[in-house]
Amino acid sequence: MNTENAIEVSNLTKRYGDILAVDHINFEVKKGEVFGFLGPNGAGKTTTIRMLTGISIPTEGTATIMGYDIQSESVEAKEQMGIVPDVSNVYNELSAWDNLIFTGKLYDMSKTYREKRAEELLRMFGLLERCKEKVQGFSRGMKRRICIAMALMNRSHILFLDEPTSGLDVQSVLVIRDLIRKLNQQGLTVFLTTHNIEEASQMCDHVAIINHGRIAVIDTPERLKRTMENLQSVEVAFETVSPNMLKELKEFRDVSNVVKEGDKFRLITNDPTSVLTSTWNYAQKNNLKLITVNTLGPSLEDVFVKLTGIRPATEGERTEGKNYKRRLGG
Amino acid sequence: MSNVRPSHYGREMRVAWAIAAKDMRTYYTKPPSLMFGILFPFSLFLSFSIGRNMPLTTQIPILISQTLFFASSSIGPVVIPMERANQTFDRFLTSPVSLLSILAGKTLAGIIYGAGVSVIPVLVGIAFFGSQIVNIGAMIACFALSSLAFSALGIMFASIPGQTLGQVMMPLNFVRIPLLFISGVFAPIGELPTWMQAVSMLSPLTHTVELARYASGAETFFGPVLNITILSAYAAVFLFMGIRFHLMNQRKE
C-alpha cells in the first residue's frame, strides 16, 4: 500500500446476474487531489461509488480508503469518509440542525463537539438562520448544502460526491463548486462523479473515464486533451448563414467534421492553419463577413465523446438514465 | 458482526440508541405505523370480542398479545422501505457502525413501540375491568421477549428489497394473519385437535398469549418455561436471519 494514496482500487468488480456492471477496475487517488470519475449513464460510476463507500459489497476485488480495506476494516474506512449521494438523502421530517446532530451521533461525536461542528457548518453554508426549520420546506439547493454539511460533520479525509451539482440552479452550482475548491485547498481529497465534463475539467487533478464498466483512460484533464490533437477545432461565425453552409464547410480540406453550435460552426481538424486559410478564402469568395474566428484545443468533452463513442447526455436524458439505472440496480 | 471490536461496544450501543431514538421521533406517528401498529390489532380484537360471551378479564391478555404482535412487528417494515425510498438507509450503511448495531437500533424502535402500545390494555384492564397481574415476572418476560421476537420478525421481513410499504407489509401480513388462527387467540389451545396443538406450539404468538394469560393467573397449556424458551429461540432466529438477509441485500445491491 502506498501511503500517498487516499484510495486504492484493485480489480473491483460488480456483477448483477449476467450483467457485469463494473469490470475489474483499478485506479488510485492521491491524498489531497480532486479525482473526477466520468462516464455515460449506466457506465458503472454510481455502482463504483457504492462499493467504495460500503453500501454495496463487491463481487470481486478490493478497495482501501486511507489504507483501510472497505470490507474487512469497514468501520475504520468509513470513519475517513463523508458521502454526498446523487440524491440529497436528508431527513425531511427533521430540521437542518437535527439532521447534522443525528449525523454527529452516527459518528459517535461528543455532544459539545457535534453541536459546535453543526453550528460551524450551518454558518459556513449560510443556513444558520433557518436551522430550526424542517428540511422538507427547503429548496433543492439548500437540501444539497445540508447533505454536504452532513458529509463534513466528522471532518472526513475523503469526500465522495456523486453528481453534486446535478439539477441545481446556477447560484447553487457556483456555491457548491467554490466550496469544494476551498475544502480541497484545506487538504480534503475529493472523489467526484459527474456528467458535467466542463465541471470535471475545471475542478479535477485527475479524471478517469469509465465506459461499460471498464476504465477507458485515467490522466490529468490537460494531458488527455493533448493526446487528442486531431480534435482541434476552428470556431467561426458569419454575419449571414446560408442553408448550404454546413455542407460547404464540411468540404474544406483537413476538416474531419463540422458541428453547428448556435450561430457558430465548429470545424474539427488536425490542421487549424489550413482551415483558417480555407475559411478566409470561402468568406472572400462568397462575400461573407466573418464575425468570429477562434482556434480551440480539444475539450475534455471531445475526449469523452471520442473514448466512449457517446455524446454527453442532456439534462432530460440524465434523469431518464438515472431511472433506468435504478431499474437495473446499477 | 466480525468488525465489532470489544473497545467499540460502547460506541456501537450509543449509535444503535441514536438510530432507535431518531426512528421513534420520526416514524412513530406516521400513518402506516398508527394503522398497522395500533388500529389493526385493536380492530381485530374488537371484531373478535364484540358479542362473545367471554369475560373481559379473559380477553385482556389476548388484546395485549395482539398489540405486542402487530405493533412490534410493524415498525421495521414501515421504516426501512421508507428509508430505502429516500436513500436515508444508505446513511447508516456508510456510517462507521456495524450492520448489527444498525439493525439493533431498528429492532429497539420496534420493541419500544410494541411494548409502549401494549401497556395501554394492561393499564385499562387493571384500572377499569378488574384485571390482575398475579405474576409480574411472567408479564415482564412476555413483554420483553415478545416485543423483541416480533420486532426482529419485522426487521427480517423488511430485508425484502423494496421501496414501498406494500412490498414488505403484504408478505408480512401473509404470515401474521394466519398465525392468529393457530395461536390460541380465537380458540383455547386445549380445545384444538392434537395435530393443531403441535402446529400451535410452533407459533411464537402462542407463547405470547400463554405468557400473558399465565401472568394474569389463568391456566396455560404449554407452561411458562416452554413459552420463554420458544420465544427466546424465535428472537435469536429472527435476529440472525434478519442480519443474514440484510447482508445478502448488500451483496445484491
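Trainee: Which helices do the buried residues of α2(B) pack against?

Mentor: They pack against α1, α3, α5 (99–128) and α7 (165–182) of chain B. Keep in mind that this is a predicted model. The buried residues in α2(B) are B:Ser33, B:Phe36, B:Gly37, B:Phe40, B:Pro41 and B:Phe45.

Trainee: What makes α2(B) a bent helix, and where is the bend?

Mentor: Axes fitted to the seven residues ending at a position and the seven starting there give the angle. At B:Leu39 that angle is about 35°, and a proline, B:Pro41, follows within four residues. End to end, α2(B) has 19 residues and reaches 25 Å from its first C-alpha to its last, close to the 27 Å expected at 1.5 Å a residue. Just after this helix, B:Gly51 takes a positive phi of about 90°.

Trainee: Moving along chain B, why is B:Pro55 called exposed?

Mentor: Exposed means 12 or fewer other C-beta atoms within 10 Å. B:Pro55 has 10 such neighbours, so it counts as exposed. You'll find B:Pro55 in the loop between α2 (31–49) and α3 of chain B. Across space, B:Pro55 and B:Phe129 are 9.5 Å apart, C-alpha to C-alpha, though 74 residues apart in sequence.

Trainee: And B:Tyr9, is that one buried or exposed?

Mentor: Same test: the limit for exposed is 12, and B:Tyr9 has 11 other C-beta atoms within 10 Å, so it is exposed. B:Tyr9 sits in helix α1 (residues 9–27) of chain B. B:Tyr9 and B:Ser101 are 92 residues apart in sequence, yet 9.4 Å apart in space, C-alpha to C-alpha.

Trainee: Why is α3(B) described as largely enclosed by the rest of the structure?

Mentor: Being buried takes 20 or more other C-beta atoms within 10 Å. In α3(B), 23 of the 30 residues are buried, so the helix is largely enclosed by the rest of the structure. This helix covers residues 56–85 of chain B and reaches 43 Å from its first C-alpha to its last, close to the 44 Å expected at 1.5 Å a residue.

Trainee: Where does the kink in α3(B) lie?

Mentor: At B:Ser74, with an angle of about 25°, shortly before the proline B:Pro77. Just after α3(B), B:Gln87 takes a positive phi of about 60°.

Trainee: Over to chain A. How many residues does each chain give to the contact with the other?

Mentor: Chain A gives 22 residues and chain B gives 22 residues. On the side of chain A that touches chain B, the elements giving two or more residues are α2 (74–79) and α3 (96–106) of chain A. α2(A) gives the most, with four residues. By class, that side of chain A has eleven nonpolar, five polar and six charged residues.

Trainee: Which residues have the most contacts inside the largest nonpolar core?

Mentor: A:Leu100, A:Phe160, A:Phe191 and B:Ala149, in a core of 139 residues. Beyond its neighbours within four places in sequence, A:Phe191 has contacts that include A:Ile7, A:Val29, A:Phe35 and A:Phe160. A second, separate core of nine residues includes A:Val236, A:Leu249, A:Val255 and A:Val258.

Trainee: What domains is chain A divided into?

Mentor: Domain 1 (5–221) and domain 2 (229–297). Their centres, taken over C-alpha atoms, are separated by 42 Å. The C-alpha atoms of chain A fill a box of roughly 75 × 45 × 35 Å along the principal axes.

Methods: Residues numbered from 1 in each chain as written. Chains lettered and ligands numbered in written order. Predicted model: local features only at pLDDT ≥ 70, side-chain atom pairs only at ≥ 80, totals over all residues. Core = buried A, V, L, I, M, F, W, Y, C linked by C-beta atoms within 7 Å. Contact = placed C-beta atoms within 7 Å. Nonpolar A, V, L, I, M, F, W, Y, C, P; charged D, E, K, R; others polar. Domains from an automatic or database assignment. Expected span 1.5 Å × (residues − 1).
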